[in-house]
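Work through these exercises with the model open. Each task is followed by a stepwise solution.

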Amino acid sequence: MGPRSNDTEGFEESAEDVSESSAGTSEEVTDVDDERVAAVRRVGEAGKRLRAVQLGGTAVLLAIALTGGSIAFGALRDHGGTSVAAAPSAMSPALLNSGNIDASITALQAQLRSQPKDYGSWATLGLAYVEQARTKGDPSRYPQADKALKRSLDIKAGNEQAVTGQAALAAARHDFKDALKYADQVLKENPYSQNALSSRIDALVELGRYADASKAADTADTRRPGIPVFTRYAYVHELRGDVKTARRVLEQALSVSSTPGDISYVAAQLGLLAWNQGDYKSALTYYARALAADDNYLPALEGRARAQYASGDKAAGLKGMEQVVARYPLPQPLVELGEMYEDRGKDGDKAKARDQYALVDAWTALARANGVNADLDTALAAADHGDKASALRAARAEWARRHTVHTADALAWALHVNGKDAEALPYAKQATATGLHNATFLYHRGMIERATGHAEDARASLRAALKLNAGFSPLGASEARKALKDLEAAK
């Protein structure tokens, strides 16, 4: 290989950094996934050992994780989706439809070695790194994405592909104000950019500007109807409690989906919608459809395990969640697996559960080290299974940045577990104010109402949570039933 030119300086370092993860064969990718999981687990073990002497900081964790040259990280499910947690990426259709993001990155790297001034390929590479981080659970790709996008902009200032990539990168790092800024910048020049229209909806939703998000969805549907817009349009309606419209739109999107990526994504969204309504049979049917299109699609694997467990097939659900976590140790499945262990209650299960919760701490440290705002994940996990004071700090910080139903719920629950129920109640009410069908929000509100002496309201909220989704959480559902029984007995 010849000497590096100024145009490719730093790129070949980037190419070497990802040579393993972009090798292209399933065996090699599996090896990288295993290394990444092992690194996260090493961080978790180290964090537990160091916690007693207050040495569990990010720098120490990273030093351990970098042993062997790999950095561990988890793709965000901004929910957790869950929320836009499930929004499709802004990548080019050609890359998404290739079926192998690693092979696509390898091809782009080869292209740029021969054509280093190809600003379009630099922008696409940046988007590909964002997608790789999201799907493979590797946040070390975010700095690489940033470099590739900046290289594209250095070659051609303000080009649409790169600015669109900046919007996607900002959203992936949970910097939704910048995501909105970049989306608006693209739309000023090209009002019909599907990626920018979609990113704008995502950013507005995640900033809690729901009325603006609804208008943006209507605009996008008028200008560029298609699966990326349809799925966001459906979510905006779900946020308002309009499940019927959300389901109809997603079913229409599924009927016109032709690529494995589109089918798996839309079917999994329908599965999640059914799950949220406590319809486990439909959820499992949709997840099966998603996995028939892509048998490694993480949201469908996770959703199927959750639905199996809630519907009574606990052994299959637990095994499925173990398989998810073995490949992608991300916060939500880690917490869910830990709670499944606690619920099962066999010898050694409490220790297994603690291990999963410790890995959430490791993930959080590594995510932050790569520029990701992980306060929402921290608040949700730590409130029930970690440092309650840290949970409250994280929830307050996230609320200061954005006022969404998810941040309101996280702050309400963090206040509750810290004994600040009077302060928590208004946030719990705000979390349920849009009409979104979410049993966890109702459960949290009911427990806070109970703690503040509003027994009648608490009974109503807890009944609503269990009626909506009787198995919404392995531990939370049991706690809701117990609290409701106590409230009924105290009448």
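Contact here means heavy atoms within 4.5 Å. The model is predicted.

**Exercise 1. Place Arg463 and list its contacts beyond four places in sequence.**

Step 1. Find the element: Arg463 belongs to helix α26, residues 455-468.
Step 2. Apply the contact cut-off. Leaving aside neighbours within four places in sequence, Arg463 contacts Leu484, Glu488 and Lys491.
Step 3. Check Tyr443. Arg463 and Tyr443 are 20 residues apart in sequence, and their C-alpha atoms are 8.7 Å apart in space.
Step 4. Classify the exposure. Partly exposed lies between 20% and 50% relative accessible area. Arg463 has 37%, so Arg463 is partly exposed.

**Exercise 2. Decide whether Asn276 is buried or exposed.**

Step 1. Locate Asn276: it sits in helix α15, residues 260-276.
Step 2. Compare with the cut-off. Buried means under 20%. The relative accessible area of Asn276 is 15%, so Asn276 is buried.
Step 3. List what Asn276 touches. Not counting residues up to four places away in sequence, these are Glu238, His437, Leu468 and Asn469.

**Exercise 3. Describe how α21 and α23 pack.**

Step 1. Pick the descriptors. Two packed helices are described by the angle between their axes and the distance between the axes.
Step 2. Read the values. The axes of α21 (residues 375-385) and α23 (residues 405-417) come within 9 Å and cross at roughly 35°.
Step 3. Assign the hand: the crossing of α21 and α23 is left-handed.
Step 4. Name the residues. α21 brings Leu376, Ala379, Leu380, Ala383 and Asp384; the α23 side includes His406, Trp413 and Val417.
Step 5. Sort the contact by class: 8 nonpolar, 2 polar and 2 charged residues.

**Exercise 4. Test the length of α9 and judge its cover.**

Step 1. Take the 13 residues of α9, residues 160-172. At 1.5 Å a residue they should span 18 Å.
Step 2. Compare. The end C-alpha atoms of α9 are 18 Å apart, so the two values agree.
Step 3. Judge the cover: 10 of the 13 residues in α9 are buried, and the helix is mostly covered. Among them are Val163, Gln166 and Leu169.
Step 4. Look past the end. His174 follows α9 and has a positive phi, near 65°.

**Exercise 5. Find the buried side of α10.**

Step 1. List the buried residues of α10: Phe176, Ala179, Leu180, Tyr182, Ala183, Val186 and Leu187.
Step 2. Take their arc. They cover only 170° around the axis, so they lie on the same side of α10.
Step 3. Turn to the opposite face, which carries exposed Lys177, Lys188 and Glu189.
Step 4. Find the partners: the buried residues of α10 pack against α9 and α11.

Terms used: Residues are numbered from 1 along each chain as its sequence is written. This is a predicted model: local features need pLDDT of at least 70, side-chain atom pairs count only at pLDDT 80 or more; totals for chains, interfaces and linings use all residues. Side-chain values use heavy atoms; hydrogens and water are left out. Helices (H or I, at least four residues) and strands (E, at least two) are DSSP runs, numbered from the N terminus. Buried means under 20% relative accessible area, exposed over 50%, partly exposed in between (1.4 Å probe, protein chains only). Axes are lines fitted to C-alpha atoms, for helices over the stretch in contact, and angles run from 0 to 180 degrees between N-to-C directions. A crossing is left-handed if the near helix is turned anticlockwise from the far one by less than a right angle, and right-handed if clockwise. Ala, Val, Leu, Ile, Met, Phe, Trp, Tyr, Cys and Pro count as nonpolar, Asp, Glu, Lys and Arg as charged, and the others, Gly among them, as polar. The expected span of a helix is 1.5 Å times one less than its number of residues. The arc is that of the directions from the helix axis to the C-beta atoms.
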